Amino acid sequence: MKILVAVKRVIDYNVQIRVKEDGSGVVTDNVKMSTNPPDDNAIEEAVKIKESGKAKEVIAVSVGEEKAQDTVRKALAVGADRGILVKVDGIVEPLAVSKILQKIVEKEKPDLVFMGKQAIDDDCNQTGQMLAALLNWPQATFASKINVKDKSLEVTREVDEGLETIEVNVPAIVTCDLRLNEPRYASLPNIMKAKKKPIEQLSASDLGVDTKPRIEQIKVEEPPKRKAGIKVASVEELVQKLKNEAKVI
Amino acid sequence: MSVLLIAEHNNKELKPFTLNAISAASKVNEEVHVLVLGSNSDSVAKAVSEIPNVKKVIHINNPLYENYLAENYTSVIIRLSKDYSHIMCSANTFGKNLMPRVAALLDISQVSDITKVISEDTFLRPIYAGNAFATVKSSDKIKCVTIRPTSFDPAPTSGGAAEILNGEVGDSSDLSKFIKKEEIKSDRPELGTARVVISGGRGMQSGENFKLITAVADKLNAAIGASRAAVDAGYITNDHQVGQTGKVVVPDLYIAVGISGAIQHLAGMKESKVIVAINKDGEAPIFSVADYGLEADLFDALPKFLEELNKLNTIQK
């Protein structure tokens, strides 16, 4: 079995986001970038399946600017065998990303495609489902447990009401939740080894995909600030404030 | 110009967030048609027809739609799409799973999780866990939009009498199969719509200690929430998680207990009307969004809080 894992380079989850003064976006200069957190879970799961002997190859792919190579390299350092970087500058909407991934899938013919359920920058939560639609493959979204069977996967999904289990035929798309596994850290020797692993470089135009955005971002603003609150000295004071000042109990 | 809104239900009852989605759809255009795909779901179609905002109900009953699988829903929506300018549903796990599959097949770039309708093609949506808001304008012919339910008031549930049309069954897909749902039944208000929410974090130290939270929740008729750390640690099940990758709540009163307040948690609760934080670390970021902060050990404070609530003559429900 061959597993393709899509990874995205995003602003690190610990960074306090700052909106640009001209309203054109958020500040990314000199800001720490990392792999989108649930994409780390996607790579980890693929590598674990390979280690269990059920997969032969794990390929990491990223769509983005030149520096997204670092994100692919990190996936190689935790166990992916080779990488693909599809270079695109500027905003790429999930629809365009899924069209690019469709081309990669047609070329590489993986049995499974894994990725995070959502990117923490645009919070769209679309790419996996869109790719599944374009390929006419089944989708198992928000996965917190994956059981690889002969020609199918049994996937436990985190849904609003609790947990749902579905079975999907292979080939399939799985989008991963943060609770799927505990992503490993790359060891220094593996980081060194990853530098020798191949990364194929392509561009969206090589693949014949139009990435022109369909959605115009008119402006980006800061959210309204909450008024600073107060510290209360005791539980009695808290209850009194909630009852008589906030009038919520 | 009309809106096709996809209803979420359990074949017996409409899920409450569909009401919020319907009121958002009405802000786009008054001609709101609701698609009810289900099995033995007549009571749902009837309930939808009584919502005054709804002009038409398209009802399709078939065992194919007993359990919700995006692969089976999609072909029906695609077939109906040619008559609509907008396709909408709520941005919870139901709509997040479904809408992109529809949008991609229509070659449409979806607008996710809107919090405001500015015009028929322009919407406001949070990005970066709500640390920024983007005003976006869609240039696609049909707009595929998911709605953050807590940002819109629910539509009224009675007074309407929309026509119910029986629609045609779509293609059956054998790509995926439903196996089971482990639904946690509770008499408490739903987390997404509760007036009061009390949440516990890593500071609770164990699942057993959540009984302190439960006791206060019983008294206040509150829903119980949790931080991701508490769910990851196994103190409580995933359906309680509040935050960027969990649920977004906007109650009148949110009480955060033993929660430090990572930005991913704040993304799910900082729009609450009144926020209370109880934490022994006075420097915890949760205090920066709290209207009332109590720097105290939760194991002392929670029993005392319950005791003080018990002294009150009346409590709002």
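This passage describes the sheet of chain B, the helices that pack in that chain, and the contact between chains A and B in a predicted model.

In chain B, seven strands form an open sheet whose order is β5-β9-β4-β1-β2-β3-β10, with parallel pairing. The edges of this sheet are occupied by β5 (111-114) and β10 (163-166) of chain B, each of which pairs on one side only. From one strand to the next, the twist averages 25°. At the β5 edge, β5(B) is joined to strand β9 (residues 143-147) of chain B by two bridges in the parallel sense, and within this pairing B:Val111 has B:Val145 of β9(B) as its bridge partner.

Helices of chain B also pack on the sheet, among them α1 and α2. Helix α1 (residues 16-28) of chain B touches β1 (3-6), β2 (32-38), β3 (54-61), β4 (86-90) and β9 of chain B, and the direction of this helix makes about 150° with that of β4(B). Helix α2 (residues 42-49) of chain B, in turn, touches β2, β3 and β10 of chain B, and its direction makes about 175° with that of β3(B). Strands β2 and β3 of chain B are thus named among the contacts of α1(B) and also among those of α2(B).

A further packing arrangement in chain B involves helix α5 (residues 210-220) and helix α8 (residues 298-311), whose axes come within 9 Å and cross at roughly 15°. Because angles under 35 degrees count as roughly parallel, α5(B) is described as roughly parallel to α8(B). The crossing of α5(B) past α8(B) is left-handed. On the α5(B) side the contact is made by B:Leu212, B:Ala215, B:Val216 and B:Lys219, and on the α8(B) side by B:Leu302, B:Pro303, B:Phe305, B:Leu306 and B:Leu309. Of the residues in this contact, eight are nonpolar, none is polar and one is charged.

Between the chains, the contact takes 70 residues from chain B and 64 residues from chain A. On the side of chain B that touches chain A, the residues divide into 31 nonpolar, 19 polar and 20 charged. Strand pairing also links the two chains: strand β13 (residues 230-232) of chain A runs parallel to strand β16 (residues 292-295) of chain B, and three bridges join them. Within this pairing between chains, the bridge partner of A:Lys231 in β16(B) is B:Gly293.

Terms used: Residues numbered from 1 in each chain as written. Chains lettered and ligands numbered in written order. Predicted model: local features only at pLDDT ≥ 70, side-chain atom pairs only at ≥ 80, totals over all residues. Axes fitted to C-alpha atoms, helices over the stretch in contact; angles between N-to-C directions. Helix = DSSP H or I, 4+ residues; strand = E, 2+ residues; numbered from the N terminus. Parallel < 35°, antiparallel > 145°, perpendicular 65-115°, else oblique. Left-handed = near helix turned anticlockwise from the far one by under 90°. Contact = placed C-beta atoms within 7 Å. Nonpolar A, V, L, I, M, F, W, Y, C, P; charged D, E, K, R; others polar. Pairing = 2+ DSSP bridges.
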